[in-house]
Every structure is written in C-alpha cells, then in structure tokens.
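Open the model in your viewer and show side chains as sticks. The tour below says what to select at each stop and what is there.

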Amino acid sequence: MRVIDKGCAVGLMLLCTVTAGAQAPSASARATAGVGAPVKAETPAKGLTAKEQAARLERWRQEIRRQLYIPAKLPALEAKIWSTFSPTEGVLADRVTYRTLDGMLVPAIVYRPDPRMMHWKGKLPGIVVVNGHGGDKFSWYAFYSGMLFAKAGAVVVTYDPIGEGERNIEKKSRAGSHDAWVDPPAGLPRTDWGQRLAGLMQVDAMQAGQYLAQQPEVDPKRIAMVGYSMGAFITGITGAIDPQIHAVVLSGGGVYDGPGGYFDANPLPCQSPPYRSLSVLGDRGAILFALNAARGPMYVMNGSDDTVMDIAHHQQDWFDQVRARAVAIRGTDKDMFTTVFYPGISHRTSWVNRDGVEWLEKQLHFALWTEKEIEDAPTTHVSTWAKANGVFLDKNYIREDREGGLDALGNDFPGLKREDLMVLPEQDWLAAKGSLTYEAWASKAKAAETQAAGRR
C-alpha cells in the first residue's frame, strides 16, 4: 500500500453485471445501488500452473472482446494528417483522422514537441486522453493535457468520442447523442446495442494507441492511456485487453463493483449493457484489475467526496478488498494499481496535477522533463486560467471542489479556439459525414444487428 499525505489509499476498479436483455435501470435504482452484491472469489493463481494461468488470462481477454463485438483484428488505421499548427511555443499539433470500427473515422488532435525548438535524445513516450461523458478534443483538459505533456516531451492523442465534436451531426460538444436507447431489430435484446456502442468506444481508444505506436518518434513500449469519468470506464477495460498500453491512469473512476452496483444501475446504454455483459467472466472487477496488472502499472485518482462516481460507497476499504482479490487472481502484487484519494474533493481530471504528472514520469520517462523539474514546476489554477482565457467550463465543474479547483502543472498555456481544433475543412467534413456521425454509425450498427439476427 502506498500512502501519501493527501489521503492516498490503495485502490482498484471492478466491473459488474446483471441479466443480459434487461431494460435501462431507473434513476432511483441507480441512486440506491451502493456497491452491489458480493461476488464469488475466483480460483487463486497459486492453484494453477503457469500455463493454466496464462491461458486463463487470455481467455478472459478474448471473452471481453467477444461481449463488446471487438474483432480479433482491428481495422487498418488509414491515418491522415490534414494540417498542422502550433498552439503554444515549442508544441506542434497535427489535425488527424484514423479509422475505427464499421468503417468510421475518428478526428483527433495530436500534440508533439516541435523539433525545431525542442531537442531530445532517443524516442518519445505517448499518451492517449480518453474523455469523460460529453467531453471531446475541445474540452479544456484535453487540449491542456496535449500542450502540457508535449512540453514535457511526449506525443499526445486527443480525439472526439462518437456523437461529440466533429462526430456530432451538428458539430456540437456536450451533446450526449449516443445516450438514447435504440430499439434493435425485432427479437434481439436491447442491451446488444450498448455492447456494440461500448465496443466502438474501446476500438476508438485502442486505435489511438496504435496511431502512437506507428509514429517513428514514439517508443511503442512507453504508451499510457489516461481516462476521466466515463473515459475511466473505457480506459480500464482497454487496459485489460490491450497489452500494448504500458501505463493507465483513471481519474474520477474505478468504481467497478458487484451485481446491482454503480454501473449495473447506470441508465446509459454505453455503460450498463457492456458492464452487465461481462458478468460471464465471474468476479469482473478483480479480473479486470488482474488483467491490467498483467499489462502494466495503473494509478486510480479520486476525490473523497466525488458524488458523480458514488465514492461515498467506494472508499479505501472497498478498494482494499477488490485489490486483495485481484492480487490472488494475478498471483502477485507486481504492477497492481495504486490510488490516491483527495479529501473534500469531488470529480476532476487529476492527472494534470503534480501527483499525476510525477506518476506518469516514473512510468514513461518524459524526454524533456526530469522528476526534479516536475517537482519545481509552477502550476495554474484552472478556474482562474479558464476565466482569464475564455475557456468554457460548465458551472457544475468550474467549482473549486471539481475541475475548477485543480492546480494543473505548467503555466502560460493559451485557451485554444474551437475553430483551431477542427480537423476537417467544412467541405471534407460534409463529404465524410457518413463515416463520422453517431447517426451514420447507428445505421451501420442496426444493419449489422439485422444481419446477425438472420444468422441466429
């Protein structure tokens, strides 16, 4: 257990379940869910041979992919850089698209050190930023992370989740387009839709990691993924099934609990159906953490008063219990997650604070910043910076106990304009709408469901 003076505790994340085919849970059910029912412990690793243990871990990975409709072979990236600009001194930002499931395109901004101004030895680490619900590459923490970590000496991918930003039919942010429950072809369970949606989100993130791994200046063994809120939900699963990712940070998340708990009772199709579908694994949370530890290190960052993630029911003792089960499944505590709790703090993207940057430095070894430089670096108070630079933060999140109260590492970063973060020129966006928007994907997903129904 690692303990620090800010209320650190050992922690972990867990995945839960309910019966496949159930309808979306009510808000009242979610509010009273707590941590869910107890789960049966899995066979400890000490009871298996090394060969049996390796086979079990791989079987779990493949089952997760099967439940979320993630193919064994991911699509070809077909990545394209549309243009490049400099958002701040010493940083370049590429406007990029890459392919994901069902022939869809993902627009991304990729931040990197400017080699004309910054000089380093060897290769750079990479970081993928996975947004929270309603967030996209236009969110303050996405572009702030891009500039911050590029200055530190990393290549950073930020992208639009399905239904947001340039993947929204009106190019809106905070649209929540994918939140509606969609009726599948007659006779098929409604939750399959959510499983397909979650699989798309998984592949979006995995392909961002693939993009980094294919860049000649990036070390493919030093790639991290950082996820916030719903992005933490996505990132924790990605880390369980994608051994290419070396390090994972979950901020405002990690509460993957037992049957009937937080995610089982979640009313969103992108969360409850995929979480429920993983009930076939057994002790989902402990298994996910064990798979992540087999991949590499993980850091879970939460506020003690985070009401969004129901941290009131997921305090240190809960994390300790799930961690113990995960260690038994893994057979060692090597690379098992650690976590920090911030007293009196709610929901926020803590990986930009000094703790988060220091942890990432230890895992990735930034090309331009040392541990001492991180320790001595100035910070920016996010709410003050946002107001001074015309950066949008929702009134519920500019609060001091949430994102607005963060002291983010670095200073003098600009607030980027929305038009600068658009990837595709208007005419090209219009021509590519059938491969970008949620509505276009939904049509393809319905066709896939109909085709699958014909084979059943």
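Select Lys137 and Glu166 in this predicted model: their side chains are joined by a polar contact of 2.8 Å. Add Asp160 to the selection, and a second polar contact appears, 2.4 Å between the side chains of Lys137 and Asp160.

**Stop 1: around Lys137**

Keep Lys137 selected and colour by secondary structure. Lys137 sits in the loop that runs from strand S5 (124–130) to helix H3 (140–152). Is this lysine buried or exposed? Its relative accessible area is 0%, under the 20% cut-off, so Lys137 is buried.

Now display what packs around it. Neighbours within four places in sequence are left aside here, and the contacts of Lys137 then include Pro107, Ala108 and Ile109. Asn131, Ala142 and Phe143 are also among them, as are Thr158 and Tyr159. Asp160 and Glu166, the two partners in the polar contacts, belong to the set too. From far along the chain come Leu421 and Val423.

For a sense of scale, draw a distance from Lys137 to Gly236. The two residues are 99 apart along the chain, and their C-alpha atoms are separated by 20 Å.

**Stop 2: two positive phi values in one loop**

Move to Lys171, in the loop between strand S6 (155–159) and helix H4 (191–213). Lys171 is not a glycine, yet its phi is positive, near 60°. Stay in the loop between S6 and H4 and select Arg174. Arg174 also has a positive phi without being glycine, in this case near 55°.

Which of the two terms, buried or exposed, applies to each residue? Lys171 has 17% relative accessibility and therefore counts as buried. Arg174 has 53%, so Arg174 counts as exposed.

**Stop 3: His246**

Select His246 next, in the loop between helix H5 (230–241) and strand S8 (247–251). With a relative accessible area of 24%, His246 is partly exposed.

Then select Pro297. His246 and Pro297 are 51 residues apart in sequence, but their C-alpha atoms are 7.0 Å apart in space. Pro297 is one of the residues in contact with His246 once neighbours within four places in sequence are left aside. Arg295 and Gly296 are on that list as well, together with Lys221 and Ile223. Gln363 and Leu364 are the remaining contacts to display.

**Stop 4: Ile311**

Go on to Ile311, which lies in the loop between strand S9 (298–303) and helix H8 (316–330). Ile311 has 0% relative accessibility, so it counts as buried.

What does Ile311 touch, not counting residues up to four places away in sequence? Its contacts are Val255, Asn302, Gly303, Ser304, Asp306 and Phe341. For a span across the model, select Ala431 as well: Ile311 and Ala431 are 120 residues apart along the chain, with 44 Å between their C-alpha atoms.

**Last stop: the whole chain**

Zoom out and return to a cartoon view. The chain has 13 helices and 12 strands. Its C-alpha trace spans about 55 × 55 × 45 Å along the principal axes. A compact globule of 456 residues would have a radius of gyration near 23 Å, and the 21 Å of this chain agrees with that.

Colour by burial: 61% of the 456 residues count as buried. Among contacts with a separation of 6 or more, 77% are between residues 24 or more positions apart.

Switch to the surface. The exposed area of the chain is about 16900 Å², of which carbon and sulfur atoms supply 52%. Finally, colour by charge. The chain has 51 positive and 51 negative charges, and their mean positions are 5 Å apart.

Key
Residues are numbered from 1 along each chain as its sequence is written. This is a predicted model: local features need pLDDT of at least 70, side-chain atom pairs count only at pLDDT 80 or more; totals for chains, interfaces and linings use all residues. Side-chain values use heavy atoms; hydrogens and water are left out. Helices (H or I, at least four residues) and strands (E, at least two) are DSSP runs, numbered from the N terminus. Buried means under 20% relative accessible area, exposed over 50%, partly exposed in between (1.4 Å probe, protein chains only). The radius of gyration is taken over C-alpha atoms; the globule rule is 2.2 Å times the number of residues to the power 0.38. Contact means heavy atoms within 4.5 Å. Accessible areas come from the Shrake-Rupley method with a 1.4 Å probe; for residues, only the protein chains shown count as cover. Lys and Arg count as positive and Asp and Glu as negative; His and the chain ends are not counted. The place of a charge is taken as NZ of Lys, CZ of Arg, CG of Asp or CD of Glu. A polar contact is a pair of N or O atoms within 3.5 Å; within protein, one must be able to donate a hydrogen and the other to accept it, and residues adjacent in sequence count only if both atoms are side-chain atoms.
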